Every structure is written in C-alpha cells, then in structure tokens.
Amino acid sequence: MSQDTITDPHRALMNLIFGSMASQVVGACVRLGVADALGEAERSTEEVAGMCDTPTGTTRRLLRAAAALGLAVARDDDRFALTPMGGMLRSTGRGSLHAFARVFTDPVMVRPWHRLDDAVAADRTTFEDEFGAPFFDHLRTSPELAAGFNAAMSQGTRLVAATLPGAYDFGRFGAVADVGGGDGTLLAAILRGHEGLRGVLFDTAEGVARAEDTLRAAGVASRCAIRTGDFFTSAPTGTDAILLKSVLHDWDDERATTILGHCRRALPEHGRLLVVEPLLPEAVEDAPSPVVYLSDLNMLVNLGGRERTRAEFETLLHGGGFAVTDITPLPPSGFFLIEAVAS
C-alpha cells in the first residue's frame, strides 16, 4: 500500500479513477508522434504542433497533461522537454517502450477491459465478445496489429534478455529451443552470451516474421534455426533445453498443460524446461507493484490465461510431466526463471 493511500485516500482514489485517462495520454503521445517530436530537445508548443500536424491549442493541453504525469517538464515560456520516463516513448533509442505503449493503450486491448465486471462475474474472457474472435485469431486478420504486438513483446522482453544469459548456466547445453520465442530477442541474447550454444526458434509464421533480422543483427543467425509451427500440436526436438517465456500465462491450465506435454515429449530425459514468467506473491502485500495483478486481470479479459503463484506453477508443471528444481528471480524485470526436469 502506498503512503498516499494512507495519508490522502481521496487523492489516491481519484488517481485510480482517472488512471485510464492517464494511460491514454501516454498512448496519444506515441500515436501522434509527440514524444518523437520532442526527442532530446526542448521545444515550444508551436514547434511540436507543427511537427505533429496538430492544432497548437490542443497540443498544449496534451503536453501539459504529459508534464503533470511526469512524462515531460514544462517551462514558463511554453516550452517542453521529455523526462527520462517520457523518453522511453520515443520510437528509437535505448530502452524504448514505444510499441509496448502503443499496443497496450490501443482499443484492441482496452475495450475488453470495459467489461471486466462481466469477465469476473462469469469467469470468462470478454475479448471475443468485442471482436468476434479469440485474441490471437484476431491478430492473424490484422497484419499491422500483429506486427505492432510482436514489436511490443520484443520491447517487453529486453530487460529479461539483458539479465537471463548471465543468471543461468546455458553453457551446459549443446542446443536450446525457444518455443513461442517471437522475433528471437531473448534467444539471440542467450546465444550471444554463449558462443558454443546452438538455438532453435519456434513460433508461428507471424511470430517469427522479423526473427531473421533480429538474429542477424545479433551476429548469431548461423547458430540458430527458425522453425514455424504450433505449440498446441508439437514442440521442436533435438535440443537439451526448451525455453518458454511469457507463454504459459496466456492460457488456462488445460491448454497450458497441453503445451507442456508437447515439450515433455520433445525433450530428452536429461533435458531441462526453462519457464520465464512473473510470479504472483503468496501475499498481496509482498508484491513490489500492482502490475502483476493488473496483468493477471488482463489475461482474464483478453486471453483467457492467468498469472500464477509458485505453488500453482509447481502443480501445473507436475501435470505436464515436470518437477520444479529451482526458481531464480531476474531483477529488475519482475520475471522469474523456473527450471524443471522430467518427473
């Protein structure tokens, strides 16, 4: 619980009530190009408006709100500059979350949240009610949205990619498969950190659309095979380890167990399953932030999955034929590495 909640509950509650509006300020700064227009400079409202082709008056109102939210600083002479946090909304640059912010403030993500009460009351996903198809089926009908989602997932993986290669001994393996690995951001980092390791990147055709570029840029393309497929029907064989990053939380226990079963059959007896996911703490007060609980509800309304506690992961993995051997936190990403062997 934050200190504001204790000392000024009215202000804290008002901040929560207006929270969805604040996230749309973030989204507008991305979609209109405001963050890119400001860049590393200090600019006047008129300059920003000219670069974004927006009216000066409404641009000023957006910039003021962005400054109030800590995304920018406002000068008395009607000039603005990005803060380090606002700088992460630029489309280029180290630590960019531009694509992530764009996707998670898009109507495709936001509209099902308007029916959170229905999702909770009926224990069902509301995404299909809004868009007429499950989330990933809807992505396949919109190449532009799919590309944005894949870019967002890549950006959301970068903190893990910076931490995981040095947090686990991948050198014991000859080859590792990243199942559901998207554009290869994480696998590329692992291969770059372990020169004797080979990789297999496994995902749908849409998921791996940018993978060749990612692997080539990391200098590891010659050591990584790209295979397309569906983890609900198979997993790649011929590796010592299978990595599942942000896969299981997308699915309910039944479908997650199906994925695990395919991984179990694909691995040799000495193999390792490596699951990278957030963990719900056993007690809410132990959570470093509310984000993991918001993500849990996002899985409910949009995907039908869930975040899980350590005990829930142990039960899930046991049902898929695995036993947990170790769990390693991966700060500052908020993720954990769960190592498991065949049971």
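These legends go with a set of views of one predicted model, from the whole chain down to single residues.

**View 1. The whole protein chain, with its 18 helices and 10 strands.**
Start with the overall build: the radius of gyration is 21 Å, close to the 20 Å that the globule rule gives for 343 residues, so the chain is as compact as a globular protein of that length. Laid along its principal axes, the C-alpha trace spans about 65 × 45 × 40 Å. Buried residues make up 45% of the 343. Take the contacts with a separation of 6 or more, and 64% of them come from residues 24 or more positions apart.

**View 2. The surface of the protein chain and its charges.**
The chain exposes about 17,000 Å², and 55% of that is supplied by carbon and sulfur atoms. As for charge, there are 31 positive and 45 negative ones. Average the positions of each kind and the two means sit 5 Å apart.

**View 3. Residues 14-89, a span with a domain label in UniProt.**
The unreviewed UniProt entry lists this span as "domain: O-methyltransferase dimerisation". In the model, helix covers 62% of the span and strand 13%. Its end C-alpha atoms lie 25 Å apart.

**View 4. Close-up on His249, listed by UniProt as "active site".**
That label, too, comes from an unreviewed entry. His249 sits in the loop that runs between β7 (241-245) and α16 (253-266). Loop or not, this histidine is buried: its relative accessible area is 8%, which falls under the 20% cut-off. What does His249 touch, leaving aside residues up to four places away in sequence? Its contacts are Glu277 and Pro278, then Met299, and then the run of Gly305, Arg306, Glu307 and Arg308. Of these partners, Met299 falls within the residue range of α17 (291-303).

**View 5. Close-up on Thr309, in the loop between α17 (291-303) and α18 (310-319).**
Here is another loop residue that is buried, as Thr309 has a relative accessible area of 12%, again under the 20% cut-off. Setting aside residues up to four places away in sequence, Thr309 touches Leu279, Leu280, Pro281 and Glu282. Compare this with the previous view, where the contacts of His249 include Glu277 and Pro278. The contacts of His249 also include Arg308, the residue just before Thr309 in the numbering.

Terms used: Residues are numbered from 1 along each chain as its sequence is written. This is a predicted model: local features need pLDDT of at least 70, side-chain atom pairs count only at pLDDT 80 or more; totals for chains, interfaces and linings use all residues. Side-chain values use heavy atoms; hydrogens and water are left out. Helices (H or I, at least four residues) and strands (E, at least two) are DSSP runs, numbered from the N terminus. The radius of gyration is taken over C-alpha atoms; the globule rule is 2.2 Å times the number of residues to the power 0.38. Buried means under 20% relative accessible area, exposed over 50%, partly exposed in between (1.4 Å probe, protein chains only). Contact means heavy atoms within 4.5 Å. Accessible areas come from the Shrake-Rupley method with a 1.4 Å probe; for residues, only the protein chains shown count as cover. Lys and Arg count as positive and Asp and Glu as negative; His and the chain ends are not counted. The place of a charge is taken as NZ of Lys, CZ of Arg, CG of Asp or CD of Glu. UniProt positions are given in the numbering used here, feature names are shortened, and annotations may be inferred rather than shown by experiment.
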